[in-house]
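Me: I am new to this structure. Please take me through it in short steps.

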Amino acid sequence: MNIGQAFKMAWRSICGKKGRSALTILSIFIGIAAVMTIVSTMEGMKAKTMEQYAAMGANRISVSIYSYSYDMDGNPISKDYFSDLYRYCAGLKDYVLGVTPNGQANATVVYGTKSTANMEWKYDDQWNVISGPPTQYYGSDQYSVCNNLTIAKGRDLAWLDCEKYNQICVLGAQAARVFFGSANPIGQVLQVNGNKFEVVGVYAARVEPDTPSAYQTDNLIVYPYTATRLLGGSSSTEFLVKAKDASMKTAITEIGGYLKSFIDTNSGGYNVYPENQWQDYQNQQLTMISLVLGGIAAISLLVGGIGIMNIMLVTVTERTREIGIRRSLGAQRSSIVAQFLIESGMLCGMGGLVGIAFGTIGSLVLGKILFQMTIFPATWVTLAAFGLSVALGVLFGSYPAAKASKLQPVEALRAD
């Protein structure tokens, strides 16, 4: 018997028991669909996270400097490290594009009837942010370079704004919509902790407007870092450095060596590390979660595989006389094994195809609901799902096939 004949016989056997075959396929496709949906959804979550990181820009270095100095009365002394770091990075033009403080303000911003004091973070049923107050940052004239921002209206922060303590600010695209809607914000004045700050610029949107990502990425207000004297908060201990492509390691080494030369480790310290290490860590965590959830869903595949073995054992029992006739006519044991393995493989393969279809639909639906994006299962996921389903058929059909091939012709012919 050749392979073509084996496939035809397997197909006739499957079609001859339509109800039983459908239930067998059902047990496989549920597991395949669950695994595909989970893996694709987790891939979508990683893609969404990477989209937000990409909006911030690549090649960013986080610099943290802390000190334990105190005055005679025991009060902590705040030293402005930024001026030193700014001047040093200005001499690293071959490696560094910009440097800025990364501190945050926690001020109350008021414009007309709108106030951040009355704005709360709101979430939808899937815990996506749908509204919230702008996040307030302190920055230098290089803040936009370090955060992958470009000016859409007005102008950016300038070094003279910091040096002269100018009370101005630049809004993110989403923050501009929060306070001014479709009106032009340039020249308008915000009341920030009772102080007047003029809006001089608006950054271009980095992600799609009025989406959950926009409220986390473009919903910001940036003040000159010297505004800490009015608004409070810290701008002199956390910094961002933007390195040129392929210069990340050199920039980290140079900055680390510079800080080591003047930071007294007995009364403080510093950290210099690439920001993408957190991205790598988060990717690892999401991959682990994906594997755990996929493993749980794969249990249904194990149950389906046991069902396949049970059905194939029943099939062997039903076709014992047929096996006896074939063996008496000279059929080899390998032909009997091949016939039953092909049949079980076809059953599981059909279940896999149905599972892939439902898994794709599930991925699309969850992608739209959870991330507002279209998620198609990756090609490798689809191929792996189909290969896994066929492999399950072969694996769990091996015992029934082996049992069928060991039947003695005389005993098999005596079967009813």
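**Cavities, sheet and helices**

Me: How do the residues lining the largest cavity divide by class?
Reply: This is a predicted model. The lining of its largest cavity includes Ile14, Lys17 and Ser21. By class, the lining residues are three nonpolar, four polar and three charged.

Me: Which helix supplies the largest share of that lining?
Reply: Four helices, α1 (3–16), α2 (18–56), α10 (276–318) and α12, each give at least two residues to the lining of the largest cavity. The largest share is three residues, and the helix supplying them is α2.

Me: How much space lies in the largest cavity?
Reply: Counting cavities of 30 Å³ or more gives two. The second largest has a volume of about 30 Å³. In the largest, the space is about 60 Å³.

Me: How many charged residues are in the lining of the second largest cavity?
Reply: Tyr165, Asn166, Gln167, Phe197, Thr226, Ala227, Arg229 and Leu230 line the second largest cavity. Four of these lining residues are nonpolar and three are polar. The charged count is one.

Me: Which strands are at the edges of the open sheet?
Reply: Strands of a sheet pair through backbone hydrogen bonds, either parallel or antiparallel. Here four strands pair antiparallel in the order β2-β14-β1-β15. An edge strand pairs on one side only, and that describes β2 (96–101) and β15 (268–274).

Me: By how many degrees are neighbouring strands of this sheet turned against each other on average?
Reply: The value ignores direction. For neighbouring strands of this sheet, the average turn is 15 degrees.

Me: Which residue of β14 stands opposite Ser62?
Reply: Strand β1 (residues 60–67) and strand β14 (residues 238–243) run antiparallel, joined by five bridges. Opposite Ser62 in β14 stands Leu240.

Me: What angle does helix α9 make with β15?
Reply: Two helices lie across strands of the sheet. Helix α3 (residues 82–90) lies across β1, β2 and β14, at about 170 degrees to β2. Helix α9 (residues 248–262) lies across β1, β2, β14 and β15, and its angle to β15 is about 175 degrees.

Me: Is the crossing of α11 and α12 left-handed or right-handed?
Reply: Helix α11 (residues 320–328) packs on helix α12 (residues 333–371) at about 145 degrees, with the axes 10 Å apart. Their crossing is right-handed.

Me: How many charged residues are in the contact of α11 with α12?
Reply: Helix α11 brings Glu322, Ile323, Arg326 and Arg327, while α12 brings Arg333, Ser335, Ile336, Gln339 and Phe340. The contact has three nonpolar and two polar residues. Its charged residues number four.

Technical notes. Residues numbered from 1 in each chain as written. Predicted model: local features only at pLDDT ≥ 70, side-chain atom pairs only at ≥ 80, totals over all residues. Heavy atoms only, no water. Axes fitted to C-alpha atoms, helices over the stretch in contact; angles between N-to-C directions. Left-handed = near helix turned anticlockwise from the far one by under 90°. Contact = heavy atoms within 4.5 Å. Nonpolar A, V, L, I, M, F, W, Y, C, P; charged D, E, K, R; others polar. 1 Å grid on protein atoms, 1.4 Å probe; cavity = no way out; pocket = protein on both sides within 12 Å on 5 of 7 lines; lining within 4 Å. Points joined across faces, edges and corners; volume = space filled by probe spheres on them. Pairing = 2+ DSSP bridges.
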